[in-house]
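What does the fold look like, and how are its aromatic rings arranged? This report takes the overall architecture, then the core, then the rings.

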Amino acid sequence: MTQMKVAAIAAALLLAGCNSAMPPDGSRAVSAARATATPGDLGLQSPGTAEAIETLALPPARPLTPNPAYARFPRYVGTLGDKQIEMKLGAKTDERTGVHGEYRFAGASTVILVAGDRDGDTLEIEESSDGTHITGNWVGKFAADGSVSGERMNADDSNPVPFDLKPVGSGSSAAPAAGTVAPKTPQPAAPSLEPAPPPAPPVPGNALGGTSNVIIGE
């Protein structure tokens with residue numbers, strides 16, 4: 001009999017707990033629990049979730065137009081694979097071996113940025129089509145005539161494609177080697193500001209037949 005009373009009391013307490021009202025801060029407790037839960041705890045973890053979040057956090061890609069500051073850089077033309085390209089590549093002013101510039105495919109209005117190093121005859125540069133992400137790597141060698149050739153690869157060094165570029169254009173020359181100083185262009189002499197000397201006085205008498213010492217008589 002005593003055991004039956006104890007069971008009845010326990011059942012009553014269980015029902016009272018189930019029917020009790022939710023505490024006023026119950027919603028806050030749930031929100032806090034969700035805030036501390038991981039995506040997996042909420043059933044949101046799925047393949048590609050992390051990658052999608054990272055992509056949304058990155059700045060949007062934007063097309064790049066030619067930089068006027070690179071207009072004076074040495075210009076190269078040639079091929080990247082089977083496509084014609086033009087590259088402008090010059091030395092950086094704040095890095096001894098640094099080079100930078102841009103290139104574009106023939107007929108394109110947008111450019112792709114390049115930056116890296118030239119160590120002697122070796123060129124190693126990276127490219128970016130939006131100014132934020134690295135989209136390719138270039139490794140090449142300069143020849144004695146200033147041309148440069150090598151391979152362009154994807155950012156993970158896959159899919160190598162040969163390139164061959166030659167310097168062209170009026171006054172263009174190859175990007176200077178590391179540690180070298182470009183020769184100064186001779187400057188024309190400044191015009192004299194002194195007045196011109198007076199003309200020499202005429203020789204007395206009249207020349208005759210090309211002989212200046214023959215004087216016609218009085």
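Two strands count as paired if DSSP finds at least two bridges between them. On that basis, the strands form a closed barrel of 8, running β1-β2-β3-β4-β5-β6-β7-β8, with antiparallel pairing. Neighbouring strands of this sheet are turned by 30° against each other on average, ignoring direction. The model is predicted.

**Architecture**

The chain holds 3 helices and 8 strands. Read from the N terminus, the order is α-α-α-β-β-β-β-β-β-β-β. The chain has 218 residues, and 20% of them are buried. Its accessible surface is about 15,900 Å². Carbon and sulfur atoms contribute 60% of that area. Among contacts with a separation of 6 or more, 35% join residues 24 or more positions apart.

**The β6-β7-β8 region**

Strand β7 covers residues 148-153. It pairs with β8 in the antiparallel sense, over 5 bridges. V148 stands opposite L165 in β8.

The loop between β6 and β7 contains A144. Is A144 buried or exposed? Its relative accessibility is 91%, so A144 counts as exposed; the cut-off for that class is over 50%. A144 and D121 lie 23 residues apart in sequence. Their C-alpha atoms are 9.1 Å apart in space.

**The nonpolar core**

In soluble globular proteins, nonpolar side chains tend to be buried together. Here, the largest nonpolar core has 16 residues. M87, Y103 and W138 have the most contacts inside it. Seven strands each supply at least two residues of this core: β1 (75-80), β2 (83-91), β3 (98-105), β4 (112-119), β5 (122-128), β6 (136-142) and β8 (161-168). Strand β2 gives the most, with 3 residues.

What does Y103 touch? Leaving out residues up to four places away in sequence, Y103 is in contact with L80, I85, E86, M87, V111, I112, V114, E127 and W138. Two of the core's best-connected residues, M87 and W138, are thus in that list. Y103 has a relative accessibility of 2% and therefore counts as buried.

**Aromatic pairs**

A pair of aromatic rings is described by the distance of the centres and the angle of the planes. A search of the whole structure finds 4 aromatic pairs. Two of them are tabulated here.

| Pair | Centre to centre | Angle between planes | Class |
|---|---|---|---|
| Y70 and F73 | 5.1 Å | 25° | stacked |
| Y103 and F105 | 5.9 Å | 70° | edge-to-face |

Why do the classes of these pairs read as they do? Planes under 30 degrees apart count as stacked, and planes over 60 as edge-to-face. Y70 and F73 have planes at 25°, so the pair is stacked. The planes of Y103 and F105 stand at 70°, so that pair is edge-to-face.

Burial of these rings can be set beside their geometry. Y70 has a relative accessible area of 12% and is buried. F73, at 8%, also counts as buried. In the other pair, Y103 is buried at 2%, whereas F105 is partly exposed at 29%. The cut-off for burial is under 20%, so F105 at 29% falls outside the buried class.

Which residues make up one aromatic cluster? Y103, F105, W138 and F163 do. Y103 and W138 also appear among the core residues with the most contacts. Y103 thus belongs to both the core and the cluster.

Technical notes
Residues are numbered from 1 along each chain as its sequence is written. This is a predicted model: local features need pLDDT of at least 70, side-chain atom pairs count only at pLDDT 80 or more; totals for chains, interfaces and linings use all residues. Side-chain values use heavy atoms; hydrogens and water are left out. A nonpolar core is a set of buried Ala, Val, Leu, Ile, Met, Phe, Trp, Tyr and Cys residues joined through side-chain atoms within 4.5 Å. Buried means under 20% relative accessible area, exposed over 50%, partly exposed in between (1.4 Å probe, protein chains only). Helices (H or I, at least four residues) and strands (E, at least two) are DSSP runs, numbered from the N terminus. Contact means heavy atoms within 4.5 Å. Accessible areas come from the Shrake-Rupley method with a 1.4 Å probe; for residues, only the protein chains shown count as cover. Axes are lines fitted to C-alpha atoms, for helices over the stretch in contact, and angles run from 0 to 180 degrees between N-to-C directions. Rings of Phe, Tyr and Trp (its six-membered ring) pair if their centres lie within 6.5 Å; planes under 30 degrees apart count as stacked, over 60 as edge-to-face and the rest as tilted.
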